[in-house]
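Thanks for sharing this one with me. Here are my notes, point by point, to read alongside the structure.

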Amino acid sequence: APCFTGTKRKMSSDPAQAYQQGLIEGQLALDRAGALGLTLPGGAGTVLYYDVESYPNLAGCRDAVKAFLSGWTVTVHAAGSLAGVYGSPCSSYASDWAGLANVPDAVWLA
């Protein structure tokens with residue numbers, strides 16, 4: 001998330017840019033899964049999870065994460081695979097994910 005305080009890569013705080021980053025990250029994940037033999041040709045046949053670390057309850061931050069995950073899901077679905085999201089039940093705002101235009105297929109809460 002753009003407001004995550006850790007050292008991991010962060011997505012843009014601009015929802016339009018975050019969406020584009022989600023598209024790119026989805027393709028990178030498909031490429032990696034394919035290289036590992038975890039997909040059928042073209043990227044179909046698997047579930048890919050994106051790890052969303054906890055972040056503060058700030059509207060702009062939440063909007064960026066929603067946009068990113070929507071882009072992620074579009075790309076993964078276009079390849080014929082399922083899109084999953086991993087996050088904390090208390091600080092990843094998983095309830096936001098249910099309202100996306102492109103809803104992930106699976107949520108893994110830890």
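1. Strands β1 and β2 run parallel and are joined by six bridges. Please keep in mind that this is a predicted model. One position to look at in this pairing is Tyr 49, which stands opposite Gly 84 of β2. Between the two strands the chain passes through α2, and the resulting β-α-β crossover is right-handed.

2. Strand β1 spans residues 47–52 and has two faces. Leu 48, Tyr 50 and Val 52 make up the covered face, while Val 47, Tyr 49 and Asp 51 make up the uncovered one.

3. Next, the nonpolar core. The largest one has 27 residues. Leu 48 and Val 52, from the covered face of β1, are among the residues with the most contacts inside this core; the others in that group are Tyr 55, Val 65, Leu 69, Trp 72 and Trp 97. Two or more residues come from each of α1 (15–35), β1, α2 and β2. Helix α2 gives the most, with eight residues. As general background, nonpolar side chains in soluble globular proteins tend to be buried together.

4. Trp 72 deserves a look of its own. Leaving aside residues up to four places away in sequence, Trp 72 touches Gly 22, Leu 23, Glu 25, Gly 26 and Ala 29, then Leu 48, Tyr 49 and Tyr 50, and also Ala 83 and Gly 84. Gly 84, then, is both a contact of Trp 72 and the residue opposite Tyr 49.

5. On to charges: how many salt bridges does a search of the whole structure find? The search gives two. In one of them, Asp 96 pairs with Arg 62, with 2.7 Å between the closest N and O atoms. This pair links distant parts of the chain, 34 residues apart: Arg 62 sits in helix α2 (residues 59–78), and Asp 96 in the loop between β2 (82–87) and β3 (106–109). Both Asp 96 and Arg 62 are buried.

6. The other salt bridge joins the side chains of Lys 66 and Asp 63, at 3.5 Å from N to O. Both residues lie in helix α2, three residues apart, or about one turn of the helix. Are they buried or exposed? Lys 66 counts as partly exposed because its relative accessible area is 27%, and Asp 63 counts as partly exposed because its value is 36%; the range for that class runs from 20% to 50%.

Terms used. Residues numbered from 1 in each chain as written. Predicted model: local features only at pLDDT ≥ 70, side-chain atom pairs only at ≥ 80, totals over all residues. Heavy atoms only, no water. Salt bridge = Lys/Arg side-chain N within 4 Å of Asp/Glu carboxyl O. Helix = DSSP H or I, 4+ residues; strand = E, 2+ residues; numbered from the N terminus. Buried < 20%, exposed > 50% of the residue type's maximum accessible area, 1.4 Å probe, protein only. Pairing = 2+ DSSP bridges. Right-handed = clockwise from strand over helix to strand, strands pointing away. Core = buried A, V, L, I, M, F, W, Y, C linked by side-chain atoms within 4.5 Å. Contact = heavy atoms within 4.5 Å.
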